[in-house]
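Trainee: I should like to go through this structure with you, step by step. May I put some questions?

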Amino acid sequence: RRGQRMSGEPGQEDADEVFDEDLYSDTRWAETLDRVLPAIVVIRGNYVRPYDGDLAGSAFATGFVVDAQRGIILTNRHVVSTGPIRAEATFLNKEEVELFPIYRDPVHDFGFFRFDTKAIKFMEITAIPLVPDAAHVGTEIRVVGNDAGEKLSILAGVLARLDRNSPHYATDSYNDFNTFYYSAASNTSGGSSGSPVLNVDGQAIALNAGGSEKAASSFYLPLHRVVSALEKLQRQEHVSRGTERVVWKHETYDELKKLGLRQDTEQRMRQHPDKEHPQRSGLLIVDQIIPGGPVEGLLDVGDILLEVDGICCTTFVDLEAALDNAVAEGRKVTYTVERSGQDLEFTVPVEDLHAITPSVFLEAGQAVLHPLSLMQARNGNLRLDAGVYVAFSGFVLDAAGLCQHTVITRIGATPTPTIEAMEAALSALPDGATTTIRYFNIGDQYNDQVAMMRVNHRWFPMRFWSRNDTTGLWDVRRCAAPPPTPPPVPSAVKFLLNRPGVANGIIPSICKVTVNVVHAVDGIHGRHFIGAGLVVDADQGLVVTDRNTIVSSLGDIQVSFAASVDAPAHVVYLHPVHNFAVIQYDIRRFEPGYIKTASLCPEPLSVGDDLTFVGLCRTNTDTCVSQEVHVSEISCINISQASVPRFRAMNEEIAKFDQVINKSLGGVFVDQRGRVRSLWACYSFYSWGDDKNHESFHAMGMDLVCDILDSMIQTSEGTGNGAHQPVFPLPVPVPTMEKLVGDGVNGSSSSTPWQAQCWPRCRSLDLGFKRLALSTARTNMKLPVEWVEKLQACHEGRSQVLSVTQRLHGSPTAAVVNEGDLLLAVDGTPVSTFRDVEVAVAEKPCVKLTLLRDEQVVTVEAPTSGLDGIGTSRLLIWGGLLLQDPYRSVREMGEGASEIYCSLYLFGSPAYFYGVKAMRYITAINDLPVNTLDDVKKTIAGISDGEAVKVKAVDLQGQAVSHTLKMDYLFWPTCEMFRHPQCVNEWRLESFGDVAVKSPA
């Protein structure tokens, strides 16, 4: 009523007698907000590990001080989290403090953080009082907090309901139960979780918890149980919580009548004197009985609750108070329920709710495993001892096909009902051992599934974590060391030779190659890759496959023959520009004589060649497919750079056929003499149009492969008569000119210089080319006639010239060659194909190039670079950043700002929490310039846990950015992975040692 006069004084114009109700209300709210805002904080939480259905990552939320003296902040349970968390709070004056969780309710959506009150130096800390009984229908409210990422948002509303059943958010994560919720149309959104719901007196009457995605409704948690828990925490007492593993639901009397409620019971219950009391509208009924609880077989769904211990009990608050008191006193409770019109009594024990709420987890093979929680048991109607919950599958379980939200019931023949049984079962398995794993998906518990798991202890040592609510941190211990790996037992391989003609001769040389990537370095676009391989040296166990299968040497590689025998393998050569890699499998796993060495032919393919395709069947890998094909065209591959730089094949010619090749995992093309002429290789490319990765198969000539293999096999040790002597594993060189001193395979030391161990180093111009028709070059680029004739004479029927499309920035050639130049000759010899250039460069350290540039023929001297085929051989993991040397594809984007490239960040890490991005060069740490990974190790050696660090980075376009982050050595210790020349497992993991972790006072 704006401007309405006071009654009894009509016509009075005295302004003092005019009462503006809206203005008065706005003034009171303004005063209230000024008083409470200093107590409201913005919370930023970093969830360092996936836990109980929630993923690792960071999120904004809200909280408010409820005890200024002790530094206690109230917020939601789903903010505090039941899993490990690092959190910070920002007060109104922008001061930041570190938060430590001290309590999260096992069921209801509230929890408490603690902070050091001495850390707030420039403002007075105030608290908001909790008054749960001040909530009434029609109460005007304000929800104050960090809404939708805003630092401060004030949303208005009016309480519409006080007896709403708990909202249901998801079927695979946390949902509150056994409590009423309030609701209002305040339209809160992400970031407002934990906001106080205030009345005009500045009292918190509820806690904002969630909202509807389809309406403006917001859901608020009543504060009765919050006040009870807070009072006990303030007295430093244990917060007792009891349960019967029963989900109760408030139902109206109309629905209760359908369940058999007697009329006299309804009449008696409706007489409650409080008009807003839920008892006047309905009663509590059993909605769900979670298996394995004390009331199983006694209470039944649909039972109507009347009394607990002889006292009328019609609200969640009364029910939970009775259970909490009973578990604290160690006594039973007696329920009086009405079932089908009959009163029944049951006396049952009460479980400690904290005891059945997970507070530990096991890290094994990068997976996060913990006991099944009451929340997940409720979601899947499971017993708590049904198995161990998979919060995160990680490297090992993901490779086995398990995903988050599954329950493991057995490892091999060992049941795993508890996390302790799981730890014992995994600790008993040696590194590299394979076993079965039995599991089921929550929601499908009656259909067990079985997968094959390969244990990995060397890269992911097992650790057991326990929550410590005294410190607010988690205590960790290393699990028992696994037993040693037993020596391999050789097995026979029986191939299915059911193809016609020459196909059967090559089948014993074809295998399946499976790769599971540990870390997505080098811009890798996936985690799991599969393809076909060709055995090129059965004595040494050497296999050639494409680089879309072997994307990196940092992974678990398995070779399978005839789908009957598997063997581990490791990378010995990655071609930097061509689509093939060489791996070596463990020859000790196979009896000799079954696997055959393929006969290779280095002769390039030509139009008109008749060949036989033999490929590994995509669905049944124990069989091969074959067909006759005819070469119709010699084309070339042209793959553009991806949005995330990664390997792409360059300067390769491919063959095309009249026929459509059968679908397969890959294979080979053989001639009538059974010689392999080409690989059917998979190429990966990125499409800028749909922002997706695609794959396609093409025929790559064996001439590219033979150049490497001939020298490689000759380099291997041999006997006096020239026959091969098997060597496993072959030494893998590392990119250093220093001598290598370290543990050998048999404990010996090695001081052999790197050049003596390294595979042959090819020479390259570090240029990317494309084919250009001579007619185009002659007409549009003014290519002289004499050069047209010279280039036409190079290869009959190949009227083409090579145009430079890509330079490797920072390479010697990049300084003298430009994009768009036409390459005419190398050292005076005309060249018109990719192969011509490679042969002409060969092992020459420097060549003279004849180029057409700006319509002029010029000659430049171009140094060449060595291609060692080692690939990425070192990885430094610091603060969740994966740091490596810039790989070739990154250098193609431009000259780097340093030799430290951040290829990835890990979710839940400090890098992710503080917004440090990938695809950047690190140039300085704490204002100290760094240029190599060794510089980083030296610089960070003096940085302690919890210390703020300044990191300067430069992106691929040269833009510099600065970030600050705090170290978390407890969950994210610094470690290094590297290839060792004589390490059986090839990649080693080395931690920088135990770093002192800061604990709260």
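The questions below concern a predicted model.

Trainee: Which strands form the closed barrel, in order?
Mentor: The barrel is built from six strands, and their pairing is antiparallel. Neighbouring strands of this sheet are turned by 50 degrees against each other on average, direction ignored. The order is β37-β38-β39-β42-β41-β40.

Trainee: Which residue in β38 stands opposite Phe 613?
Mentor: Strand β37 covers residues 610–617, and strand β38 covers residues 624–636. The two strands pair in the antiparallel sense over seven bridges. Opposite Phe 613 stands Gln 627.

Trainee: How many residues apart in sequence are the parts tied together by Glu 88 and Lys 966?
Mentor: Side chains of opposite charge can pair when their charged atoms come close. Glu 88 and Lys 966 form a salt bridge, with their closest N and O atoms 3.6 Å apart. Glu 88 lies in strand β4 and Lys 966 in strand β57, so the pair ties together parts whose separation in sequence is 878 residues.

Trainee: Is Lys 966 buried, partly exposed or exposed?
Mentor: Its partner Glu 88 has a relative accessible area of 10% and is buried. Buried means under 20%, and exposed means over 50%. Lys 966 has a relative accessible area of 33%, so this residue is partly exposed.

Trainee: Which residue forms a salt bridge with Glu 140?
Mentor: Glu 140 is partly exposed, at 35% relative accessible area. The partner counts as buried, at 12% relative accessibility. The salt bridge spans 3.1 Å, N to O, and the partner is Arg 142.

Conventions: Residues numbered from 1 in each chain as written. Predicted model: local features only at pLDDT ≥ 70, side-chain atom pairs only at ≥ 80, totals over all residues. Heavy atoms only, no water. Pairing = 2+ DSSP bridges. Helix = DSSP H or I, 4+ residues; strand = E, 2+ residues; numbered from the N terminus. Axes fitted to C-alpha atoms, helices over the stretch in contact; angles between N-to-C directions. Salt bridge = Lys/Arg side-chain N within 4 Å of Asp/Glu carboxyl O. Buried < 20%, exposed > 50% of the residue type's maximum accessible area, 1.4 Å probe, protein only.
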